[in-house]
Amino acid sequence: MSQHVLSVIVENKPGVLSRVVGLISRRGFNIDSLSVGPTEDPKTSCITMVVQAQSAIFEQLTKQLNKLVCVYKITDLSKVSNVSRELVLYRGAATPAKIAELKEMIEVFRGKIVDVSADSLTIAATGDVEKLAGL
C-alpha cells in the first residue's frame, strides 16, 4: 500500500463533505488526514486528504469520486511536485526547571513552546515526518 494525497475541488454547499467522505468510507478506506477550506472562487471548496491504498484500487476510488456531481476536479498530489509539511502539537508535564532544558532541545528542531501552564506545556513543530519523529 502507498500513501496518496488527494486534492478534491468540490461545490461549496452543505453536505458535500459528507458525500465525499461517505463514498470513501463505504469503499473501506481510512482517511489518515483531512482538511477542508474555501478556494478563491466562493462557489468551490478544496478537500485535501491522505489515503492509504494500492494503486489499482486507488484508481477505482478516484473514478467513483469523479462520478459525484459535486466533485469538479481531483488531483493526486503524490504524483506531482509538491511541498508537504506536517504540524504536530505535543503536550506534556514539565517542571519549571525542565522547561529551560526542553526549550534548548525544541529549538534544535525549530519547534516552539506555544503554551505553559502550572503543570504542563504545549509544543508546536512543523516539518517532514522524519524530523517530527526525531523530536
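# A walk from helix α1 to R110

Start just after α1, where G28 takes a positive phi of about 85°. Keep in mind as you click around that this is a predicted model.

**Stop 1: helix α1.** Now step back and select residues 16-26, which make up α1. Which residues of α1 are buried? Colour V16, V20, G22, L23 and I24, and you have them. To see what these buried residues pack against, show β1, β2 (31-38), β3 (44-53), α2 and β4 (71-76).

**Stop 2: α1 beside α2.** Two packed helices are described by the angle between their axes and the distance between the axes. Keep α1 on screen and add α2, residues 55-67. The axes of this pair come within 11 Å and cross at roughly 150°. Angles over 145 degrees count as roughly antiparallel, so α1 is roughly antiparallel to α2. As for handedness, α1 passes α2 in a right-handed crossing.

Which residues make the contact? On the α1 side, pick V20, L23 and I24; on the α2 side, pick L61, Q64 and L65. Sort the residues of this contact by type and you get 5 nonpolar, 1 polar and no charged. An α-helix has 3.6 residues a turn, so residues three or four places apart point the same way. V20, L23 and I24 have turned up before, since they are also on the list of buried residues in α1.

**Stop 3: H4 in strand β1.** Next, select residues 2-11 for β1, and zoom in on H4 within that strand. Is H4 buried or exposed? Its relative accessibility is 5%, so H4 counts as buried.

Turn on the side chains here. What does the side chain of H4 reach at 3.3 Å? One partner is the backbone oxygen of A53. There is also a polar contact of 3.3 Å between the side chains of H4 and D76. For the wider surroundings, leave aside the neighbours of H4 within four places in sequence: the residues in contact with H4 are then M49, V50, V51, A53, F58, D76 and S78.

**Stop 4: R110 in a loop.** For the final stop, go to the loop between α3 (96-108) and β6 (112-116), where you'll find R110. Most residues other than glycine have a negative phi. R110 has a positive one, near 60°, and R110 is not a glycine. Is R110 buried or exposed? With 71% relative accessibility, R110 counts as exposed, whereas H4 back in β1 counts as buried.

Note on methods: Residues numbered from 1 in each chain as written. Predicted model: local features only at pLDDT ≥ 70, side-chain atom pairs only at ≥ 80, totals over all residues. Heavy atoms only, no water. Helix = DSSP H or I, 4+ residues; strand = E, 2+ residues; numbered from the N terminus. Buried < 20%, exposed > 50% of the residue type's maximum accessible area, 1.4 Å probe, protein only. Polar contact = N/O pair within 3.5 Å; in protein donor to acceptor, adjacent residues only side chain to side chain. Contact = heavy atoms within 4.5 Å. Axes fitted to C-alpha atoms, helices over the stretch in contact; angles between N-to-C directions. Parallel < 35°, antiparallel > 145°, perpendicular 65-115°, else oblique. Left-handed = near helix turned anticlockwise from the far one by under 90°. Nonpolar A, V, L, I, M, F, W, Y, C, P; charged D, E, K, R; others polar.
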